[in-house]
Amino acid sequence: STQETDENLEKVQASKAEDFVEWIPNNIKSSVIDVPPVDAHISATFVTNTTALKAMFQRLASQFSALYKRKAFLHWYKGEGMDEMEFQEADKNVVDLITEYQDKQDATVGGDEDEDMDE
């Protein structure tokens, strides 16, 4: 049930409080769908946003850069009406996203500094 799911999520969040940042309230969202897939009795999906995704975006950016530098497959996209500037803009957007993830990873909560001084 939805209530049972919410209660279990609250327990997990309470027991693992140190793993959750304080500056993002309500950082767990859940949804329950009562109808499982046709070939299974139950099903579950977990979607997360974590700074660990930064590595995936870095890998994507480096692979894209390697292909773009060689102009690999570019003719197919240009033939469909895309402009080369769109690729440069997309690359810049991914680099900005990586930078945002790095900023979040490096962020510290103001209260943590005070606790370190007390020790």
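Start by selecting α4: among what covers its buried residues are α2 and α3. Keep in mind that this is a predicted model.

**Stop 1: α4**

Stay on α4, residues 84-106. This helix has 23 residues. Put a distance line from its first C-alpha to its last: the reach is 34 Å, close to the 33 Å expected at 1.5 Å a residue. Now show the side chains of F87, V94, I98 and Y101. These four names are the buried residues of α4.

**Stop 2: α2**

Next, select α2, residues 53-69. Does its length fit a helix, and what should its span be? At 1.5 Å a residue, the 17 residues of α2 should span 24 Å. The end C-alpha atoms of α2 are 24 Å apart, which agrees.

Colour K54, F57, A61 and Y68, the buried residues of α2. Turn the view to look down the axis of α2. The buried residues fall within an arc of 60°, so they line one face of the helix. What does that face meet? Add α3 (74-79) and α4 (84-106) to the selection: the buried residues of α2 pack against both.

Then step past the end of α2 to K71. The phi of K71 is positive, near 60°.

**Stop 3: the core**

Which residues make up the largest nonpolar core? Select F57, A61, V94, I98 and Y101, five residues in all. Two elements, α2 and α4, each give two or more residues to this core. The most comes from α4, with three residues. In soluble globular proteins, nonpolar side chains tend to be buried together.

Compare this selection with the earlier ones. F57 and A61 are on the buried list of α2. V94, I98 and Y101 are on the buried list of α4.

**Stop 4: the whole chain**

Zoom out and colour by secondary structure. The protein chain has five helices and zero strands. Followed along the sequence, the pattern reads α-α-α-α-α.

How much of the chain is buried? Of the 119 residues in the protein chain, buried residues make up 8%. Switch on the surface. The protein chain exposes about 10400 Å², and carbon and sulfur atoms supply 54% of that area.

Last, show contacts between residues at least 6 apart in sequence. Of these contacts in the protein chain, 57% join residues at least 24 apart. For an example of elements that meet, return to α2, whose buried residues pack against α3 and α4.

Terms used
Residues numbered from 1 in each chain as written. Predicted model: local features only at pLDDT ≥ 70, side-chain atom pairs only at ≥ 80, totals over all residues. Heavy atoms only, no water. Expected span 1.5 Å × (residues − 1). Buried < 20%, exposed > 50% of the residue type's maximum accessible area, 1.4 Å probe, protein only. Arc of directions from axis to C-beta. Contact = heavy atoms within 4.5 Å. Core = buried A, V, L, I, M, F, W, Y, C linked by side-chain atoms within 4.5 Å. Areas by Shrake-Rupley, 256 points an atom, 1.4 Å probe, with all protein chains shown as cover.
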